[in-house]
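How do the strands and helices of this chain fit together? Take the structure piece by piece, starting with how helices cross.

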Amino acid sequence: MPDTISLVCTWGRAPLLASDSPQVAYLFIETQAAAATEAVPLNFCMVLDRSGSMQGAKLAALKDATKRVIDTLTPQDVVAIVLFDDETEVLLPATLAADKDALKAQVDRIEEAGGTAISGGLLAGQAELHKHRAPDRVSSLLLLTDGQTWGDEEKCRMLAEQLGQEGVRITALGLGSEWNEKLLDDLAEATGGTSDYIADPVQITGFFQRAVRAAQGTVAQDARLLLRLARDVTPRAVHRVTPVIANLGYQPIGQSEIAVRLGTLESGEPASVLIDLMIAPRAAGSFRMAQAELHYTPLGGAGEQIIKQDVLLEFTADAGAAQYEARVMNLVEKVTAFKLQTRALSEAEAGNTAGATQKLRAAATRLLELGELELARKAEEQAGQLEQGQSMSPENQKELRYATRRLTQKLEE
């Protein structure tokens, strides 16, 4: 397994100019697992909202997407379907996906009813996943909702923490504009999973298919990056950049080490981070700035593996020698756009209209430079509405929040 997983460290600019002043440097660290020859067996549970607001086109699209998931599974995969409104129903107890016609016939029985209580669905989904937990199976929970859950948010978070400790990864999807993005983000983050926004019911199938492919491509779990820094090298920020952008923060270990959780490694899909560092003055020469260590557990319980990589950086007295790595600097720009819109939304929520407007316009400029014309237009439109005393629309707010997270996906495609 170590030979099938790579760890590559790339500077955004190298060499740096030897200087008497500290300098900012961007370090891009990417790990990638080689393409697998076959899909890993799944222990897959779909927890689906069937509340009254799902009627019509939403429910029809949900049924179609669910049946397509069943078509994608292999006879070795285990699948379960849990429905929730203000009550919970296990529509399909955990079973091998062998008789697909029979499984899809169950999906046709889904009808909308009642309100929304997500915790009941999570609890029932957890019980179904427990039935077939195994070291050689990937346990994954797909959650879709179009509404707010009432009075049970903390219970949802507690269940997500438990699922994360049990090795279950949650993909949390919100349909439309009425759901609580903070809650779904928290549920996904607690398990090392992902959360996303579905604007239109016709998009449900695509999001479901990506969730299945991600689970099937799992080759390692509990991946963590440990960075041991040289003296006078100070981390300022750590962002995940692929598969989606996120502010990971970091866990300091003493004065010269940081640890970052990467979670699941997928076959053929890079997982990478961008680290913003402040580097103290250096004379001309080559120096080891850090040692990067990737810790991960291969699927199947072979025990933790470690890959190490020395991170060297050259300093030169030649002012014309510096070379920029285009890919890394493009990622820096995308992370900057993500940070600006994140801060803008936070300030808008806090009532700081002037600050939110300024950052939205700065984000729009960055997005325009990146060729993201539609996103730039929406950011500028939201800035104008705030200036006129209007609140941000839930649809555009969610679109900005989640679309800027996905900026790097196009880079990989």
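A crossing is called left-handed if the near helix is turned anticlockwise from the far one by less than a right angle, and right-handed if it is turned clockwise. Keep that in mind for what follows. The model is a predicted one.

Start with helix α3 (residues 118-130) and helix α4 (residues 153-165). Their axes lie 9 Å apart, and the two helices pack at an angle of about 20 degrees. Angles under 35 degrees count as roughly parallel. That makes α3 roughly parallel to α4. The crossing of α3 past α4 is left-handed. From α3, the contact takes in I118, S119, L122, L123, Q126 and L129. These meet K155, C156, L159, Q162 and L163 in α4. By class, the contact of α3 with α4 has seven nonpolar residues, three polar and one charged.

Now move to helix α10 (residues 394-405). Helix α7 (residues 326-349) packs against it: the axes of α7 and α10 come within 9 Å and cross at roughly 155 degrees. Angles over 145 degrees count as roughly antiparallel. That makes α7 roughly antiparallel to α10. The crossing of these two helices, α7 and α10, is left-handed. On the α7 side the contact residues are F338, Q341, L345 and E349. They meet Q397, L400, R401, T404 and R405 in α10. The contact of α7 with α10 divides evenly by class, into three nonpolar, three polar and three charged residues.

Helix α9 (residues 373-387) also packs with α10. Here the angle is about 135 degrees, and the axes are 10 Å apart. The two helices, α9 and α10, are therefore oblique to each other. Once again the crossing is left-handed, with α9 passing α10. The residues in contact are L375, K378, A379, E381 and Q382 of α9, and N396, E399, L400, A403 and T404 of α10. Four of the residues in the contact of α9 with α10 are nonpolar, three are polar and three are charged. L400 and T404 of α10 appear in this contact; L400 and T404 also meet α7.

Helix α7 leads on to a sheet. It lies across β1, β4, β12, β13 and β16, and runs at about 100 degrees to β4. These strands form an open sheet of five, with the order β1-β4-β16-β12-β13 and antiparallel pairing. Which strands stand at the edges? They are β1 and β13 (246-247). Each has a single partner strand, so one side of each is left without a neighbour in the sheet.

Follow the pairing from one edge to the other. Strand β1 (residues 5-11) pairs with β4 in the antiparallel sense over seven bridges. Within that pairing, T10 stands opposite F28 in β4. Next, β4 pairs with strand β16 (residues 271-279), again antiparallel, over nine bridges. There T31 has A271 in β16 as its bridge partner. At the far edge, strand β12 (residues 233-242) and β13 pair in the antiparallel sense over two bridges. R240 stands opposite A246 in β13.

Is strand β4 largely enclosed or largely open? Strand β4 spans residues 23-33, and eight of its eleven residues are buried, so the rest of the structure largely encloses it.

A further open sheet has six strands. Their order is β7-β6-β5-β8-β9-β10, and the pairing is mixed. The edges are β7 (88-96) and β10 (194-198). Each has a single partner strand, so one side of each has no neighbour in the sheet. On average, neighbouring strands of this sheet are turned by 15 degrees against each other, direction ignored. At the β7 edge, six bridges join strand β6 (residues 78-84) to β7, and the two run antiparallel. One bridge pair here is V78 with L96 in β7.

Finish with a single lysine, K104. It is found in helix α2 (residues 100-107). Is K104 buried or exposed? Buried means under 20% relative accessible area. K104 has 18%, so it counts as buried. Leaving out residues up to four places away in sequence, K104 touches K67, I70 and D71.

Notes: Residues numbered from 1 in each chain as written. Predicted model: local features only at pLDDT ≥ 70, side-chain atom pairs only at ≥ 80, totals over all residues. Heavy atoms only, no water. Buried < 20%, exposed > 50% of the residue type's maximum accessible area, 1.4 Å probe, protein only. Helix = DSSP H or I, 4+ residues; strand = E, 2+ residues; numbered from the N terminus. Pairing = 2+ DSSP bridges. Axes fitted to C-alpha atoms, helices over the stretch in contact; angles between N-to-C directions. Parallel < 35°, antiparallel > 145°, perpendicular 65-115°, else oblique. Contact = heavy atoms within 4.5 Å. Nonpolar A, V, L, I, M, F, W, Y, C, P; charged D, E, K, R; others polar.
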